[in-house]
Every structure is written in C-alpha cells, then in structure tokens.
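Hi,

Here's the structure I said I'd pass along. Have a look first, and then read on for what turned up in it.

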Amino acid sequence: MIKMVDIIMYVAPFGVFALIAATVSEFGFDILQTLIWYAATVIIGLLFHQFFVLGTLVKVFSGISPLKFFRGIREVMLIAFSSSSSAATLPVNMECCEKNLGIPKHITSFVLPLGATINMDGTAMYQAVATVFIAQVYGIELHISQQLIILLMALLASVGTAPVPGVGIIMLIIVLRSVNVPEEGIALILGVDRFLDMCRTVVNVSGDSAVAAIIAKSEGVLKIGNNK
C-alpha cells in the first residue's frame with residue numbers, strides 16, 4: 001500500500017497539470033484569476049468562524065475569555081497549520097487543553113480524539129464554498145433546495161473525512177455529485193488547496209478544543225472557567 005501511494009503521489013502532479021490544462025483551454029486564462037476570489041472567500045469564512053463563532057461559544061458556554069482561549073491553544077493552531085493534519089495535532093491539543101485551559105484528562109482523552117474524526121467544521125465550510133464556486137464556473141444555477149443539499153452533504157462528508165492532509169479534496173467529490181456538478185472542476189482549485197487545507201485544519205482543531213472546554217464547564221470540572 002505504501003508503494004502504491006508513492007507511485008500515485010509521483011504521477012499525481014502530471015494528472016493535475018493535464019486537468020488544469022484542459023480546464024484553461026475551455027474557459028481561458030481568466031478562470032485562474034477567479035481563484036483569488038475563491039481563496040479569499042474561504043479564508044474570510046474560516047476567520048469569521050474561528051474568531052467570532054468559536055470565540056463567542058467559548059465565552060458564553062465555558063466562561064473562558066476568547067483571548068485566553070486562543071492564547072492557550074496557539075501552539076495547537078501553529079502545528080495544525082504546518083501539518084494540515086488533525087491527527088498529528090491531537091497529542092499537542094490534549095496537552096495544551098489540559099495545561100493551559102484547565103480541562104481534565106478524562107474529558108480531553110474522549111472529546112478530542114472523537115472530534116479529530118467527526119468535528120471538522122472548517123472542512124465542511126470549505127467543501128460548501130468549493131461546490132458553489134465550481135458550479136458557478138460551469139454556469140450551473142443552484143436552487144435553494146440544491147444549496148440545502150450542499151450544506152447537508154458537506155456536513156456529512158466532513159464527518160467521514162479522515163484527519164490527514166488532502167483528504168477533504170477527495171470527499172468533495174461526494175458533495176459535487178449530490179448536486180450534479182462536474183467532478184473535473186476540482187482541477188480548478190487544486191492549485192490553492194494545500195494552503196486552504198492548512199487554514200481549515202486550524203479551524204478544525206480549534207473547534208475540538210472549544211467543544212472540550214464547553215463540555216468540561218457543563219460537567220463542572222473546568223478549572224479556569226470555575227475560577228472565573
């Protein structure tokens with residue numbers, strides 16, 4: 001299996017080049033400029049969810065100030081950004097939550113490994129935006145019912161995504177097929193997917209930490225929250 005993966009990774013750049021060449025020949029070089037707006041949309045959405053949504057949830061339901069929370073998991077976010085893997089970040093996430101946020105080990109040892117597998121809100125957001133972007137490129141109009149299907153399928157696909165780099169782009173195929181959007185449109189976003197994968201992994205692991213803090217507070221065992 002390792003040898004097969006090595007062969008696939010060696011051939012993959014040539015396949016991506018062929019897909020992008022075919023897409024550019026069909027839509028022109030202007031299509032590459034739209035990637036800037038696509039990437040900006042994903043990043044803005046991730047930033048909003050990271051600092052506003054998660055920050056508000058942590059403040060309201062755990063009693064920890066957003067500044068203290070993000071300062072406590074800054075090492076987690078850095079490793080998540082550099083590795084693009086929730087699984088690789090898991091040990092550091094558990095350590096930071098226990099030492100910096102005062103979350104007991106019996107909470108982190110259950111919530112964080114589970115969250116690393118099924119709690120991927122950053123991936124869900126990325127898949128929804130990517131599906132709409134590809135549909136717009138191909139001139140496919142998405143009705144409100146199809147948009148709701150995208151939201152549901154992106155949520156389900158993110159739950160089934162493995163916590164390793166690059167898997168989100170594979171699960172995106174499921175979302176695209178649910179609304180009959182051409183899968184070959186994935187070639188459009190492969191060029192910027194690595195950086196966006198790094199960004200959405202930060203949101204994924206931050207969401208895990210936030211949920212752990214909220215559960216610890218609800219159980220009355222959050223040390224920092226109780227002190228406040």
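Confidence varies along this predicted model: in the protein, helix 11 (residues 223-227) has the lowest, with a mean pLDDT of 55, while helix 3 (residues 66-72) has the highest, at 95. Overall, the protein averages a pLDDT of 86, and 91% of the residues score at least 70.

Next, a pair of helices. Two packed helices are described by the angle between their axes and the distance between the axes. For helix 7 (residues 121-137) and helix 9 (residues 167-178), that angle is about 55° and the axes are 10 Å apart. An angle of about 55° is neither under 35 degrees nor within 65 to 115, so helix 7 and helix 9 count as oblique to each other. Helix 7 passes helix 9 in a right-handed crossing.

Which residues meet there? On the helix 7 side you'll find Thr-123, Tyr-126, Gln-127, Ala-130, Thr-131 and Ile-134; they meet Gly-168, Ile-169, Met-171, Leu-172, Val-175 and Leu-176 of helix 9. By type, this contact between helix 7 and helix 9 has eight nonpolar residues, four polar ones and no charged ones.

One single residue to look up as well: Ser-209, which sits in helix 10 (residues 186-218). Is Ser-209 buried or exposed? Its relative accessible area is 0%, and buried means under 20%, so Ser-209 is buried. Setting aside neighbours within four places in sequence, Ser-209 is in contact with Phe-69, Ile-73, Asn-93, Cys-97, Ile-103 and Leu-112.

Cheers

Key
Residues are numbered from 1 along each chain as its sequence is written. This is a predicted model: local features need pLDDT of at least 70, side-chain atom pairs count only at pLDDT 80 or more; totals for chains, interfaces and linings use all residues. Side-chain values use heavy atoms; hydrogens and water are left out. pLDDT is the predictor's confidence in each residue, from 0 to 100. Helices (H or I, at least four residues) and strands (E, at least two) are DSSP runs, numbered from the N terminus. Axes are lines fitted to C-alpha atoms, for helices over the stretch in contact, and angles run from 0 to 180 degrees between N-to-C directions. Angles under 35 degrees count as roughly parallel, over 145 as roughly antiparallel, 65 to 115 as roughly perpendicular and the rest as oblique. A crossing is left-handed if the near helix is turned anticlockwise from the far one by less than a right angle, and right-handed if clockwise. Contact means heavy atoms within 4.5 Å. Ala, Val, Leu, Ile, Met, Phe, Trp, Tyr, Cys and Pro count as nonpolar, Asp, Glu, Lys and Arg as charged, and the others, Gly among them, as polar. Buried means under 20% relative accessible area, exposed over 50%, partly exposed in between (1.4 Å probe, protein chains only).
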